[in-house]
Amino acid sequence: MIEINGVNVPFIPTTGIDNFKSTKAIQSKANGTTPFKEILNQELKNIKFSGHAIERINSREINLAKKDIERLEAAISKAEEKNSKDSLVLIDEKAFIINIPNRTVVTMLTKDKLEEKIITKIDSTVFA
């Protein structure tokens with residue numbers, strides 16, 4: 001078995017072992033390990049992209065910079081404060097349909113595609 005961060009795992013990750021050997025893991029005060037609940041809560045806070053959204057981003061050759069992701073995170077937080085469920089988030093020339101409770105980008109459109117579409121089944125719009 002391979003050991004990753006002190007844990008024996010029965011597989012080799014597709015991204016390689018080095019990506020899992022990080023020194024910036026959150027350390028528990030009690031025994032130097034990261035509690036599962038803490039890791040899970042951190043992962044749940046991250047923005048996720050559905051398979052459909054990834055297809056759209058790739059097929060339209062759209063680049064998302066770190067600044068765009070930060071703006072998406074801020075927009076999701078604002079929509080959460082207003083108890084939104086499904087929101088249209090507009091960032092510059094890009095539009096994202098996001099399921100707010102799951103923090104998941106469902107699909108993505110560019111301005112040229114927006115002009116010919118009708119957006120339905122959303123309960124809010126956030127200009128980020």
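Helices, of at least four residues, and strands, of at least two, are DSSP runs numbered from the N terminus. In these terms, Ser-50 sits in the loop between strand E3 (48-49) and helix H2 (51-59). The structure described here is a predicted model.

**Ser-50 and Thr-104**

The side chain of Ser-50 comes to 2.8 Å from the backbone oxygen of Val-106. With neighbours within four places in sequence left aside, Ser-50 is in contact with Thr-104, Val-105 and Val-106. One of these partners, Thr-104, belongs to strand E6 (residues 104-110).

On the same basis, leaving aside neighbours within four places in sequence, Thr-104 is in contact with Lys-48, Phe-49, Ser-50, Ile-97, Ile-98 and Asn-99. Thr-104 has a relative accessible area of 17% and is therefore buried, the limit for that class being under 20%.

**Strand pairing around E4**

Strand E4 (residues 86-91) and strand E5 (residues 94-99) run antiparallel and are joined by six bridges. Within this pairing, Leu-88 has Ile-97 of E5 as its bridge partner. Ile-97 is also among the contacts of Thr-104.

E4 pairs with strand E7 (residues 124-127) as well, here in the parallel sense and over four bridges. The bridge partner of Val-89 in E7 is Val-126. In a regular strand, the side chains alternate between the two faces of the sheet.

**Ser-84, ahead of E4**

Ser-84 is located in the loop between helix H3 (66-81) and E4. Is this residue, Ser-84, buried or exposed? Its relative accessibility is 9%, so Ser-84 counts as buried. Beyond its neighbours within four places in sequence, Ser-84 is in contact with Ala-79, Ile-100, Pro-101, Asp-123 and Ser-124. The C-alpha atoms of Ser-84 and Thr-125 are separated by 9.2 Å, while the two residues lie 41 residues apart along the chain.

**Two residues with positive phi**

Most residues other than glycine have a negative phi. Asp-92 is not a glycine, yet has a positive phi of about 50°. Asp-92 is found in the loop between E4 and E5, and the hairpin formed by these strands has two residues between them.

Lys-121, likewise not a glycine, has a positive phi of about 60°. Its place is in the loop between helix H4 (111-114) and E7. Why do Asp-92 and Lys-121 count as exposed? The class requires a relative accessible area over 50%; Asp-92 is exposed because its value is 56%, and Lys-121 because its value is 77%.

The relative accessible areas of the residues discussed above are collected here.

| Residue | Relative accessible area | Class |
|---|---|---|
| Ser-84 | 9% | buried |
| Thr-104 | 17% | buried |
| Asp-92 | 56% | exposed |
| Lys-121 | 77% | exposed |

**The second largest pocket**

What is the volume of the second largest pocket? The volume of this pocket is about 170 Å³. Its lining consists of Arg-60, Ile-97, Thr-107, Leu-109, Lys-117, Ile-118, Ile-119, Thr-120 and Ile-122. By residue class, the lining divides into five nonpolar, two polar and two charged residues.

The pocket also relates to elements described earlier. Ile-97, one of the lining residues, is the bridge partner of Leu-88 in the pairing of E4 with E5. Thr-107 and Leu-109 are further members of the lining, and strand E6 spans residues 104-110.

How values were computed: Residues are numbered from 1 along each chain as its sequence is written. This is a predicted model: local features need pLDDT of at least 70, side-chain atom pairs count only at pLDDT 80 or more; totals for chains, interfaces and linings use all residues. Side-chain values use heavy atoms; hydrogens and water are left out. On a 1 Å grid over the protein atoms alone, a cavity is a set of points where a 1.4 Å probe fits but cannot get out, and a pocket is an open set with protein on both sides within 12 Å along at least five of seven lines; lining residues have an atom within 4 Å of a point. Grid points are joined across faces, edges and corners, and a volume is the space filled by probe spheres set on the points. Ala, Val, Leu, Ile, Met, Phe, Trp, Tyr, Cys and Pro count as nonpolar, Asp, Glu, Lys and Arg as charged, and the others, Gly among them, as polar. A polar contact is a pair of N or O atoms within 3.5 Å; within protein, one must be able to donate a hydrogen and the other to accept it, and residues adjacent in sequence count only if both atoms are side-chain atoms. Contact means heavy atoms within 4.5 Å. Two strands pair if DSSP finds at least two bridges between them. Buried means under 20% relative accessible area, exposed over 50%, partly exposed in between (1.4 Å probe, protein chains only).
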